[in-house]
Amino acid sequence: MGVCHVSPVHSLVLVHPPTAACVLFNEEYMTCMWGSRETLTANYSLYYWYENRSPVVECKHYLQDQGVSIGCYFNQSEIIQFQPFRVLINASLGSRTLKFLSKPMELQDLVKPEAPVNLTIRNMSSNQLQLTWTSPYPKAQCLEHAVKYKSNKDTNWMHQVKGDIFSFPSVDYEKYYTFYVRSKINSYCGRTQLWSEWSVPVVWGSNSTSKGTAEEQLHWFWIHTVLIPIASCLLLLVLVVLLVRMERVWVILMPRIPNPSKNFDELFITHNGNFQEWAGVPKDVVESFRPNYSENICYVSELPPKDSCEPLWESGNYSPSVMPGTPAAPREHSPYKNSYVGL
């Protein structure tokens with residue numbers, strides 16, 4: 001971290017002079033902090049300039065904590081690297097004003113890159129892993145990286161400084177491993193000890209459920225825990241609105257079961273189950289369907305065979321009685337034994 005030790009210009013000296021700490025984050029913006037609300041005893045203001053290049057300018061964006069100025073924010077347009085940068089801090093204490101001037105600083109030595117992203121583990125052979133990542137820092141050639149890792153059975157982290165790729169030569173498939181990566185500016189582009197924050201971890205091994213990148217893990221986490229429940233609730237809400245507001249949809253999805261019993265109340269209550277009366281059939285039509293006819297009685301007798309003896313009535317002096325209105329049977333013999341019916 002770039003620390004700006006300032007010295008008073010006037011003869012008055014504070015007991016605790018402010019110390020400005022300036023950091024250039026990923027070459028996108030810079031902050032210079034000189035304390036906290038609890039430790040500051042005066043009102044501070046900051047002025048800065050680049051030697052032999054620009055006039056003195058007051059801070060345009062103060063960082064405050066409950067109304068107390070504790071630092072200054074610099075946009076990317078206000079940042080110039082490889083130029084001596086100086087800061088003047090004014091401390092107002094009552095009627096007195098003290099001025100503290102920093103030593104010249106080189107902003108390229110104050111860069112703190114952003115943490116690496118897209119950590120990916122690949123199986124290169126039966127026992128070898130390869131870890132790769134990308135960096136949001138715009139000058140990737142100016143970075144060096146550090147990797148720390150350990151298995152679930154290790155107690156201490158293993159550290160190793162590498163380039164853009166880390167190879168793990170021997171792994172145990174019964175363990176699972178956790179990897180982190182961080183970056184800093186190398187000696188070719190600056191002189192700094194400001195490391196980035198550690199990346200989001202990536203895990204590999206038998207008990208690991210996520211072997212992809214950290215961003216993929218976060219992506220699936222949001223899908224399963226946030227997106228799917230919200231989408232399900234919205235879909236259910238839409239269906240409820242459709243069922244309540246649109247009667248036709250309700251009738252199609254939930255048709256009513258017909259109840260025909262009410263249509264026959266008059267048949268059984270008023271007409272006592274008389275279907276003809278209930279249906280309005282005329283009486284003469286009903287009478288026409290009633291049976292109104294009779295049949296004559298048929299008498300059946302059997303003729304003796306042609307070569308037989310005398311009739312039974314001759315041998316027994318018995319003659320069959322003839323019912324009035326019935327014609328006498330013919331005397332000639334028939335070739336059939338069957339009787340005939342006289343109507």
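Ile121 stands opposite Leu131 in strand E13. I start with that pair, in a model that is predicted, and work outward from there to the sheet around it.

The two strands in question are E12 and E13, which run antiparallel and are joined by five bridges. Strand E13 covers residues 129–134. On to the next strand over: E13 is joined to E16 by four bridges, and that pair is antiparallel as well. One position to look at there is Gln130, which stands opposite Ser167 in E16.

Put together, this gives an open sheet of three strands in the order E12-E13-E16, with antiparallel pairing. Which strands are at the edges? They are E12, residues 117–123, and E16, residues 165–168, and each of these pairs on one side only. Neighbouring strands in this sheet are turned by 20 degrees against each other on average, with direction ignored.

Staying with E16 for a moment, the strand has two faces. Phe166 and Phe168 make up the covered face, while Ile165 and Ser167 make up the uncovered one. Ser167, on the uncovered face, is the residue that has Gln130 opposite.

Next, a hairpin. E14 is joined to E15 through six residues. The two strands pair in the antiparallel sense over five bridges, with E15 spanning residues 158–162. Within that pairing, Val147 stands opposite Gln160 in E15.

Strand E14 runs over residues 143–151, and Ser151 has its place in that strand. Is Ser151 buried or exposed? Its relative accessible area is 3%, so Ser151 is buried. The side chain of Ser151 makes a polar contact with the side chain of Asp154, at 2.9 Å. If we leave aside neighbours within four places in sequence, Ser151 is in contact with Lys175, Tyr176 and Tyr177.

Now the disulfides. How many does the structure hold? It holds three. Counting bonded cysteines along the chain, the pattern is 1-2, 3-4, 5-6. I will take them in that order.

Cys22 and Cys32 form a disulfide with their sulfur atoms 2.0 Å apart. There are 115 degrees about the S-S bond, and the link is right-handed. Cys22 lies in strand E2, residues 19–25, and Cys32 in strand E3, so this pair ties together parts that are ten residues apart in sequence. Both Cys22 and Cys32 are buried.

Cys59 and Cys72 form a disulfide too, with the sulfur atoms 1.9 Å apart. The torsion about the S-S bond is about 100 degrees, so this disulfide is right-handed. Cys59 is in the loop between strand E5 (57–58) and strand E6 (62–65), and Cys72 is in strand E7, residues 68–74. The two cysteines are 13 residues apart, and the pair links distant parts of the chain. Both Cys59 and Cys72 are buried.

That leaves Cys142 and Cys189, joined by a disulfide at 2.0 Å, S to S. Why is this disulfide called left-handed? Because the torsion about the S-S bond of Cys142 and Cys189 is about -65 degrees. Here the linked parts of the chain are 47 residues apart. Cys142 is in the loop between E13 and E14, and Cys189 is in the loop between strand E17 (176–185) and strand E18 (202–205).

As for accessibility, Cys142 counts as buried at 6%. Cys189, at 21% relative accessibility, counts as partly exposed, because buried requires a value under 20%.

One more cysteine before I leave the topic. Cys233 has a relative accessible area of 53% and is exposed, because the cut-off for exposed is over 50%.

A last residue is Gly35. It is placed in the loop between strand E3 (29–33) and strand E4 (43–50). Strand E3 also holds Cys32. Gly35 is partly exposed, at 32% relative accessibility. From C-alpha to C-alpha, Gly35 and Thr19 are 7.4 Å apart in space, with their places 16 residues apart in sequence as the separation.

To recap: an open sheet in the order E12-E13-E16, a hairpin joining E14 to E15, and three disulfides.

Methods:
Residues are numbered from 1 along each chain as its sequence is written. This is a predicted model: local features need pLDDT of at least 70, side-chain atom pairs count only at pLDDT 80 or more; totals for chains, interfaces and linings use all residues. Side-chain values use heavy atoms; hydrogens and water are left out. Two strands pair if DSSP finds at least two bridges between them. Axes are lines fitted to C-alpha atoms, for helices over the stretch in contact, and angles run from 0 to 180 degrees between N-to-C directions. Buried means under 20% relative accessible area, exposed over 50%, partly exposed in between (1.4 Å probe, protein chains only). A polar contact is a pair of N or O atoms within 3.5 Å; within protein, one must be able to donate a hydrogen and the other to accept it, and residues adjacent in sequence count only if both atoms are side-chain atoms. Contact means heavy atoms within 4.5 Å. A disulfide is a pair of cysteine sulfur atoms within 2.5 Å.
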